[in-house]
Amino acid sequence: MALVYLAVITSLTIYSMYALGLAAQRSQIRTFEGVALALLGRGFALFAAGVRIFHGFSACVAYVISVGDIFRNIISSSDSAPQFLRESTGNRLLTALVWLCAMMPLVIPKHIDSLRYFSTFAVSFMIYFVLVIVVHSCTHGLPDNIHKISVSKDDDAPVVLFNSGNKAIEGLGVFMFAYVSINSYEVYWDMTDRTLTRFTLASGLGMMLCFLLYAMVSFFGYMDFGRKVDGSILLMYDPLQEPEVMVAYVGVLSKLCASYSLLFMPAAMPFTTLLGGMRMSCPTGSTALP
């Protein structure tokens, strides 16, 4: 069922990126808030700014929590880890150090394209992690669970294709959050030789890559662990006993750092808009509306 949601949301996201690019091209306004002000007025511009702030900072908090989860899983798997690090205080200290020394410095650049090399490096590690999930599934849970699939809801089956009730929509919010377009205007205006076609094509390729990675993780991860998966699949592995997973953890940490900065920038930008009295700058330096 989750794969159906994923396909629909991917298609709608690609269309929304086209619509945003079209609005940017025709209005020549650089921000979400500027376009909202020009098209729908001051009230909706404030609403758009509020949504960007809430969504961006909420995602940043989620990424910091994920860093803590990774450290907790690594340390809990080690018998020789200091007791201090096993406690919540030690975990928070490690998380705070990563946030201060790795996440926040990446926020300093003013343009998203400044992070393109680091982001490419991080995405490469995510592809590696997906391959690790596929191989782990094929060598562990999949051969057994593939024979225990239930098409409809079954409390005894480890794998259920189509569920009902709240279980059927649990993944919907996750996939909606997974496709983030709040920094689409920053990406558009940082493109070289920008055109609507190039922006839509680049967005579509990126979304299709996300679709493939999400689909592979969803299928092979579920077939590996079945209904035992309750939350992040990262926490289902033992990184100390499986070195390839530890390498993937390093990659996931780097991707969390990159994603933090990519979302922090557009989340902070609406503050400038609000403090500036809703005067939206255009590429020429003029304002969107007098």
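# Worked exercises on a predicted helical chain

In helix α5 (residues 88-103), the buried residues include Gly 90, Asn 91, Thr 95, Val 98 and Met 103. They span an arc of only 140 degrees around the axis, so they sit on the same side of α5. Here, buried means under 20% relative accessible area, exposed over 50%, and partly exposed in between (1.4 Å probe, protein chains only). The arc is that of the directions from the helix axis to the C-beta atoms. Helices (H or I, at least four residues) and strands (E, at least two) are DSSP runs, numbered from the N terminus.

Some ground rules first. This is a predicted model, where local features need pLDDT of at least 70, side-chain atom pairs count only at pLDDT 80 or more, and totals for chains, interfaces and linings use all residues. Residues are numbered from 1 along each chain as its sequence is written, and side-chain values use heavy atoms, with hydrogens and water left out.

## Exercise 1: the other face of α5

Find which residues are exposed on the other side of α5.

*Solution.* Start from the buried side, which carries Thr 95 and Val 98, among others. Now turn to the other side of α5: there Arg 92, Leu 100 and Cys 101 are exposed.

## Exercise 2: the overall layout

Work out how many helices and strands the chain has, and in what order they run.

*Solution.* Step one: count 11 helices and two strands. Step two: read from the N terminus, which gives α-α-α-α-α-α-α-β-β-α-α-α-α. Step three: check the burial, where 42% of the 290 residues count as buried. Step four: look at contacts (heavy atoms within 4.5 Å). Among those between residues at least 6 apart in sequence, 75% join residues at least 24 apart.

## Exercise 3: the annotated spans

Compare the record with the model: which residues does the UniProt annotation "transmembrane region" cover?

*Solution.* The unreviewed UniProt entry lists 6-24, 44-71, 115-135, 168-189, 201-225 and 245-271. UniProt positions are given in the numbering used here, feature names are shortened, and annotations may be inferred rather than shown by experiment. Take residues 44-71: the model makes them 100% helix and 0% strand, with the end C-alpha atoms 41 Å apart. Then try residues 245-271, again 100% helix and 0% strand, with 39 Å between the end C-alpha atoms.

## Exercise 4: following Arg 52

Trace the salt bridges of Arg 52: which residues join it in one network?

*Solution.* A salt bridge is a side-chain nitrogen of Lys or Arg within 4 Å of a carboxyl oxygen of Asp or Glu, and the structure holds three.

1. Glu 33 bridges to Arg 52, with the closest N and O atoms 2.9 Å apart. Glu 33 lies in helix α2 (residues 32-40) and Arg 52 in helix α3 (residues 42-76), so this pair ties together parts that are 19 residues apart in sequence.
2. Arg 52 also bridges to Glu 186, where the closest N and O atoms are 3.1 Å apart. That pair links distant parts of the chain, from Arg 52 in helix α3 to Glu 186 in helix α9, 134 residues apart.
3. Check the cover: Arg 52 counts as buried at 2% relative accessibility, and Glu 186 counts as buried at 9%. Glu 33 is buried too.
4. Set the remaining bridge beside these: Arg 72 meets Asp 69 at 2.8 Å, N to O. Both lie in helix α3, three residues apart, about one turn of the helix. Arg 72 is partly exposed at 44% relative accessibility, and Asp 69 is partly exposed at 26%.
5. Put it together: bridges that share partners join Glu 33, Arg 52 and Glu 186 into one network.

## Exercise 5: rings around Tyr 188

Decide whether the Tyr 188 and Trp 189 pair is stacked or edge-to-face.

*Solution.* Rings of Phe, Tyr and Trp (its six-membered ring) pair if their centres lie within 6.5 Å; planes under 30 degrees apart count as stacked, over 60 as edge-to-face and the rest as tilted. The structure holds 12 such pairs. For Tyr 188 and Trp 189 the centres are 5.1 Å apart and the planes at 85 degrees, so the pair is edge-to-face. Tyr 188 also pairs edge-to-face with Phe 199, at 5.3 Å centre to centre and 90 degrees between the planes. Tyr 188 sits in helix α9 (residues 184-190) and Phe 199 in helix α10 (residues 196-225), so this pair ties together parts 11 residues apart in sequence.
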